[in-house]
Amino acid sequence: MIEASKCDLPRAAGSSEENNAPVNVDAILQSILGRGGERFGMVAAVLRGERIIAQGAAGVRKRGTAERITLDNQFHLGSCTKAMTATLVAMLVEEGKLNWTTTLGELFADTVKPMHPAWEKVTLRQVLAHRAGLRHEPGGLAQVLNELVGRPPRAPLGTLPQQRLEIARQALSRPPGIAPDTKYWYSNVGYILAGAVLEQLTGRAWEELMRERLFQPLGISTGGFGPPGTADKTEQAWGHSPVLGKPLDPRSPAAELPLFYGPAGLAHMTVTDWAKFIALHLRGDPANPHCQAALLKLDTFAEMHAVAPTTPYSKGWVMRGITRLATGDAAPAVTYRAGWFISTASWAKGTQPGDTGRRLWHAGSNGRWNCGVVIAPEIDFAVLVACNRGIAAWKTRQTVKALIRTFAPKQT
């Protein structure tokens, strides 16, 4: 458990940056996009606590048009949605409706019959840490390959909660791909199951819970699900096809995965609204010297941000390849917990006793968009970047690194 007493440390005197408008970083983004800015675009924000200290936009909303990306444009967050789903789960844990050690056997005893015995003792904590042995996608390897060429899977029938429950039935009636709690095995199915759990316990769709329990309290007014924008208009940025980079009409089936994927990665919003959620976790972490509880208790943030036991990644080349492509780092020292990859970096190390440089980070992509975020609680600092071209993930990572170099507090 992280020591919550760091919240009681005296705060530094206000700096001049607290009284200034955010620094414009359009030029940094444009320099990294290069000629790519004629085919897609990017937005970014840098946080010091709850305040945006730098922000910018560059590139175009849609390949073949002249409309420029702005900070008012909404971007698809992909798997960066997972931390939002885990935050909803944490709320139910605090309310006593769940426990981190509640098992799949307990959660689905009345709705999944028959359940394969291997799943019965798998805990919710293991599911949210990708340690349950659940498959990557509902359709397995075929679905992974389909995503790479932009072919969406076929959605089951029924309401979204019914679809997610059906996916839970299919997943839990089969044996695990690997033995539970032995290796990290990234799984969108696991977060779809987490969404099904939320829906069963509350009687509300995951989308309703997101709007009522996250978006509204945090003042997120642009939050939605699936591709932003409307057909035949470019008031919002469009995603682009994974291989050829063709702009995709936001209402086209090729523009998105089925909506049952929501809890695993279908939220969209502006980068400045996304920053409100990131600030919640940045300031909620007890290692932050300015930490403050909002929506959740400090002990709950500590549970969600704790370093998990280091164990090997799955030997499956698909899992290693996807993780490396999405995040740029699939080293065994990286662990995962409740919607966050967790590792350490020297630039992220604070000045208080016990500081380790722990950072929380994630990347998200549905193949048409991509984004990345890094949170450094010990130095009260975070960077967010989003792009409307999935295959340009390395541009997103390059931008995150450039903004860290430029704005992270310098070590003394």
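**Note on the predicted model: pairs, sheets and helix 8**

1. Arg204 is partly exposed, with a relative accessible area of 30%. The model is a predicted one, and every point below should be read with that in mind. The side chain of Arg204 meets that of Glu212 in a salt bridge, with 2.4 Å from N to O. Glu212 has a relative accessibility of 35%, so this residue also counts as partly exposed. Elsewhere, Glu95, Lys97 and Arg213 are joined into one network by salt bridges that share partners.

2. Glu212 appears again in the geometry of helix 8: the helix has a kink of about 25 degrees, and the kink is centred on this residue. How many residues does helix 8 have, and how far does it reach from its first C-alpha to its last? The helix has 13 residues and reaches 17 Å, which is close to the 18 Å expected at 1.5 Å a residue. Several of its residues are buried, including Trp206, Leu209, Met210, Leu214 and Leu218. After helix 8 comes Gly219, with a positive phi near 75 degrees.

3. The structure holds 13 salt bridges in total. One of them joins Arg131 to Asp181, with the closest N and O atoms 2.9 Å apart. This pair links distant parts of the chain, 50 residues apart: Arg131 is in the loop between helix 4 (124-128) and helix 5 (141-148), while Asp181 is in the loop between helix 6 and helix 7. Are the two partners buried or exposed? Arg131 is buried, at a relative accessible area of 12%, whereas Asp181 is partly exposed, at 37%.

4. A further salt bridge, between Glu166 and Arg169, has an N to O distance of 3.7 Å. Both residues belong to helix 6 and are 3 residues apart, so about one helical turn separates them. An α-helix has 3.6 residues a turn, so residues three or four places apart point the same way. Glu166 is partly exposed at 30%, and Arg169 is partly exposed at 34%.

5. Aromatic rings also pair: a search of the whole structure finds 11 aromatic pairs. Tyr184 and Phe341 form one that is tilted, with 6.2 Å between the centres and 55 degrees between the planes. Why does this pair tie together parts that are 157 residues apart in sequence? The reason is where the residues lie: Tyr184 is in the loop between helix 6 (160-172) and helix 7 (188-202), and Phe341 is in strand 8 (residues 340-344). Tyr184 and Phe341 are buried.

6. Phe215 and Phe225 form a stacked pair, because their planes stand at 20 degrees and their ring centres are 5.8 Å apart. The partners are 10 residues apart, with Phe215 in helix 8 (residues 206-218) and Phe225 in strand 5 (residues 224-225). Phe215 counts as buried at 3% relative accessibility. Phe225 counts as buried at 15%, since the cut-off for buried is under 20% relative accessible area.

7. Ring pairs also link residues into a cluster made of Tyr184, Tyr186, Tyr336, Phe341 and Trp361. In two places a charge sits over a ring. The charged end of Lys62 is over the ring of Trp238, 4.1 Å from the ring centre. The charged end of Lys82 is over the ring of Tyr191, 5.7 Å from the ring centre.

8. Next, the strands. An open sheet of 3 strands has antiparallel pairing and the order 4-6-5. Strand 4 (74-76) and strand 5 are at the edges with a single partner strand each, so one side of each has no neighbour in the sheet. Strand 4 pairs with strand 6 (residues 267-270) over 3 bridges, in the antiparallel sense. The bridge partner of His76 in strand 6 is His268.

9. Another open sheet has 8 strands with mixed pairing, in the order 1-3-2-11-10-9-8-7. Which strands are at its edges? They are strand 1 (23-24) and strand 7 (335-337), and each pairs on one side only. Within this sheet's order, strand 2 is next to strand 11. Strand 2 (residues 41-48) and strand 11 (residues 381-387) pair over 7 bridges in the antiparallel sense. Opposite Met42 stands Cys387 of strand 11.

Terms used
Residues are numbered from 1 along each chain as its sequence is written. This is a predicted model: local features need pLDDT of at least 70, side-chain atom pairs count only at pLDDT 80 or more; totals for chains, interfaces and linings use all residues. Side-chain values use heavy atoms; hydrogens and water are left out. Rings of Phe, Tyr and Trp (its six-membered ring) pair if their centres lie within 6.5 Å; planes under 30 degrees apart count as stacked, over 60 as edge-to-face and the rest as tilted. Helices (H or I, at least four residues) and strands (E, at least two) are DSSP runs, numbered from the N terminus. Buried means under 20% relative accessible area, exposed over 50%, partly exposed in between (1.4 Å probe, protein chains only). A charge sits over a ring if NZ of Lys or CZ of Arg is within 6 Å of the ring centre and within 35 degrees of the ring normal. Two strands pair if DSSP finds at least two bridges between them. The expected span of a helix is 1.5 Å times one less than its number of residues. The bend at a residue is the angle between axes fitted to the seven residues ending there and the seven starting there. A salt bridge is a side-chain nitrogen of Lys or Arg within 4 Å of a carboxyl oxygen of Asp or Glu.
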